[in-house]
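Here are my notes on the domain contact and the salt bridges. Have the model open while you read.

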Amino acid sequence: MPLNQQIINTVPPEMEGQRLDQAVASLYPQFSRSQIQKWIKAGHIRVDDKILKPKERLTGGEEIVLNAVQEAQTEFEPEDIPLDIVYEDSAILVLNKPAGLVAHPAAGNWSGTLVNALLHYHPGLEMLPRAGIVHRLDKDTTGLMVVAKTLEAHTRLVGLLQERDVSREYLALVSGQVVAGSTIEANIGRHPVDRKKQAVTDGGKEAITHYRVEERFPHHTLLRVSLETGRTHQIRVHLSWKHLPIVGDQTYGGRPRVPAGISEALRTALQTFPRQALHATRLGLVHPESGEYLEWERLPEDMAALLDLLRKEVA
């Protein structure tokens, strides 16, 4: 049986001139663009109580009423993929995503994703957008993610994320010595040559990354990072641009940096680390039902082992 949810938004002035479908996609990021197109064409999205075509332009200030008619999603199959559940109640679950797990099915990854795993773990998630996922992590970035289990919780969590009211911190092990924390403000957009990559570019979208020193080593620094914006690959792109590539990042890290004079164990660990050493280590949020502030923190075994080797070098 379909679930119906009405969500009301006001078009901000800066969206003046945008097409309806583009503006709605920005205002309701919890829903896919294809789903939004279907709702517009079906008359489930009204602008100042009028039905408009997807390409019609907005002036800003309009009231958009979305009647989100959610059918059970049947395009992705449930798959028995182990999940590391950190917390769960009737409204949300928090999981620790492992490396190698893609969040959502897409070209080249139609199965074996977090969505497939969630649909198996909790079949009721078939009624929610993206099986309840409200934010993502890169395939090879580990860390804490929150998943909604009800439409109400989903809407509230998306609102919290849009208002930057969900606290997320990352740990990134970078090559290079960092004297002090700082803020990186540099626009990010698609790479001008390699379209599969992102890059710092004047024509990109605003991107702001804060970092502070968590721990120093002779040739590396462990940074604690937080984001003001959520661009694709933002931390990896920004740190690489600042000549602080993340250990193991084969896309943005350049040639692996292996310092001279280190132990064979550390040399091997640095050369063979199988992913970018980036982890969403802390997650804090106001529970969408109880209003209680909750917080979790985790460190993955592979990064913990690498950090132990780095500490032994200076012990």
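1. Buried area here is the accessible area (1.4 Å probe) that two parts lose on being put together, summed over both. Between domain 1 and domain 2 that comes to about 640 Å², with carbon and sulfur atoms giving 52%. The bounds, 4-69 for domain 1 and 72-163 for domain 2, come from an automatic or database domain assignment.

2. A word on the source: this is a predicted model, where local features need pLDDT of at least 70, side-chain atom pairs count only at pLDDT 80 or more, and totals for chains, interfaces and linings use all residues. Residues are numbered from 1 along each chain as its sequence is written, and side-chain values use heavy atoms, leaving out hydrogens and water.

3. How many salt bridges (side-chain nitrogen of Lys or Arg within 4 Å of a carboxyl oxygen of Asp or Glu) join domain 1 and domain 2? Zero, although the whole structure has 14.

4. Glu 88 and Lys 149 form one salt bridge, at 2.8 Å, N to O. Glu 88 sits in strand β4 and Lys 149 in the loop between β6 and α4, so the pair ties together parts 61 residues apart in sequence; strands and helices are DSSP runs (E, at least two residues; H or I, at least four), numbered from the N terminus. Lys 149 is buried at 14% relative accessibility, while Glu 88 is partly exposed at 32% (buried is under 20%, exposed over 50%, partly exposed in between; 1.4 Å probe, protein chains only).

5. Have a look at Arg 224 too: this residue is buried at 9% and meets Glu 297 in a salt bridge of 3.0 Å, N to O. Both belong to a salt-bridge network that also includes Glu 169 and Arg 212.
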